[in-house]
Amino acid sequence: MARIEMDLDMPEGLHLCGYERIEQGHAFEVDWPVDDTFTCQRCRRSEKTYVQYGDKIHVIRDLDVWGQPSFFVYQPPCHRCGSCNHRQWLIPPFKRKHVTYTYRFERWVLQMLIGSTEEEVARRLGISAEMVATIVAHQLQDEQHIAPGLQITDVGLDEISLKKGHKLYATILTDLTEPSRPRVLAVQAGKDQAAAEKCLDCLCEEQRRQVLTHRTDMSPAYLAACQIKLPNSQSVIDRFHVAKRLGEAADRVRKKDPGLQKDTVGGAAESVSVVSVGVSPSSGGVDGAGAKAVGRTLREAAGVGGGLLGTLGHHGGF
Ligand SMILES: [Zn+2]
């Protein structure tokens, strides 16, 4: 056996307790500290959280690792209200309710849509075009928040479109300060000057003053918005800028500095133990967030006959 070490960028507060490679994918078993108090959604009473775990296991799509899909695997915690007895799930910090993928997977889908179509993105990620559309819709509904302390010197503005049955256009603001790690800052409906200005207004005034270059397509609407909102910024016309960079970033391996070691030298080995979802090569059926083989395997391995990945197929996950 060889040992490989990699740095994973985990969402804040999330604890990695296990890993297993499963066919063409990666399963990371995770948990996270729950809040001390919980407010009942039915009777609105707050009380000390009383956490229970059932026998369900949820499998949630996250960013790719080495070009292969990765998943967070966890037992969803729930709380039973001491007053009205209502049982309710505690939503993990890394995803929204009723979806089978992480927030950062959503952002990644947005990035991939730049210079691409929903079908291409869906195919590449092994998800449905409907899921791509749902992700964009959720992202558009969210309040756009950019940390005011973030230093941003270069931005990109791009339009994306959902053509198949949606006729939806959106404008995406991307941080290009670190060229190798572009990231979505904001998204707004529409592809006109107003949409671009709304995106730029998600930056605070100080941040807008610090922007030195903006890259957009030839759209006069975007250029006009930047002229108004970015007083110190110069336009860099580069039609394929973001699409190209984002494509590169998506293809790049997410690990930072893999150190291959032939022999295990004590200690560090404990950090990643084996997840309790085994490997099985045979098949199952339903799949939610891509990587069918992985889904089937996890379902079988969990041995809960639809409980585990049944939730995936039916829009589940809490
Ligand atoms: Zn209650």
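What share of the contacts in the protein with a separation of 6 or more is accounted for by residues 24 or more positions apart? In this predicted model, such residues account for 60% of those contacts. The protein contains nine helices and 16 strands, and buried residues make up 36% of its 318 residues. The paragraphs below take the sheets first, then two loop residues, and then the helices with the strands around them.

One open sheet consists of four strands in the order 2-3-8-7, and its pairing is mixed. Strand 2 and strand 7 stand at its edges; each has a single partner strand, so one side of each lacks a neighbour in the sheet. On average, neighbouring strands here are turned by 25° against each other, direction ignored. Within this sheet, strand 3, residues 25–31, pairs with strand 8 in the parallel sense over four bridges. Phenylalanine 28 stands opposite phenylalanine 72 of strand 8.

Arginine 21 belongs to strand 2, which spans residues 15–22. Is arginine 21 buried or exposed? Its C-beta atom has 15 others within 10 Å, and arginine 21 is therefore partly exposed, since a residue is buried only if 20 or more lie within that distance and exposed if 12 or fewer do. Arginine 21 also illustrates how positions separated in sequence are placed in space: serine 70 is 49 residues away along the chain, and the two C-alpha atoms are separated by 9.1 Å.

A further open sheet is formed by three strands in the order 6-9-10, with antiparallel pairing. Its edge strands are strand 6, residues 51–53, and strand 10, residues 87–89, each of which pairs on one side only. Neighbouring strands of this sheet are turned by 40° against each other on average, again ignoring direction. Strand 6 and strand 9, the latter comprising residues 77–80, run antiparallel and are joined by three bridges. Across this pair, glutamine 52 stands opposite cysteine 78 in strand 9. As general background, strands of a sheet pair through backbone hydrogen bonds, in either a parallel or an antiparallel sense.

Two loop residues deserve attention for their backbone angles. Most residues other than glycine have a negative phi. Tryptophan 66, however, has a positive phi near 55° and is not a glycine. Tryptophan 66 lies in the loop between strand 7, residues 58–65, and strand 8, residues 68–74. Because tryptophan 66 has 13 C-beta neighbours inside 10 Å, it counts as partly exposed. Histidine 98 likewise is not a glycine, yet has a positive phi of about 65°. Histidine 98 is found in the loop between strand 10 and helix 1, residues 103–113. With 12 C-beta neighbours inside 10 Å, histidine 98 counts as exposed.

Among the helices, helix 2, residues 118–125, and helix 3, residues 129–141, have axes that come within 8 Å and cross at roughly 110°. How are helix 2 and helix 3 oriented to each other? They are roughly perpendicular, because angles of 65 to 115 degrees count as such. On the side of helix 2, Glu118, Glu119, Val121 and Ala122 meet Ala129, Val132 and Ala133 of helix 3. The residues of this contact divide into five nonpolar, no polar and two charged.

Glutamate 118 also leads to serine 161: the two are 43 residues apart in sequence and 7.9 Å apart in space, C-alpha to C-alpha. Serine 161 lies in strand 11, residues 154–162, and counts as partly exposed because it has 15 C-beta neighbours inside 10 Å. Leaving aside residues up to four places away in sequence, serine 161 touches Leu168 and Tyr169.

Strand 12, residues 168–175, and strand 13 run antiparallel and are joined by six bridges. Isoleucine 172 stands opposite valine 187 in strand 13. Five of the seven residues of strand 13 are buried, so this strand is largely enclosed by the rest of the structure.

Strands 11, 12 and 13 come together in the surroundings of helix 4. The buried residues of this helix, which spans residues 193–200, are Ala195, Ala196, Lys198, Cys199 and Leu200. What covers them includes, besides those strands, helix 5, residues 205–210, and helix 6, residues 220–229.

Conventions
Residues numbered from 1 in each chain as written. Predicted model: local features only at pLDDT ≥ 70, side-chain atom pairs only at ≥ 80, totals over all residues. Contact = placed C-beta atoms within 7 Å. Axes fitted to C-alpha atoms, helices over the stretch in contact; angles between N-to-C directions. Parallel < 35°, antiparallel > 145°, perpendicular 65-115°, else oblique. Nonpolar A, V, L, I, M, F, W, Y, C, P; charged D, E, K, R; others polar. Pairing = 2+ DSSP bridges.
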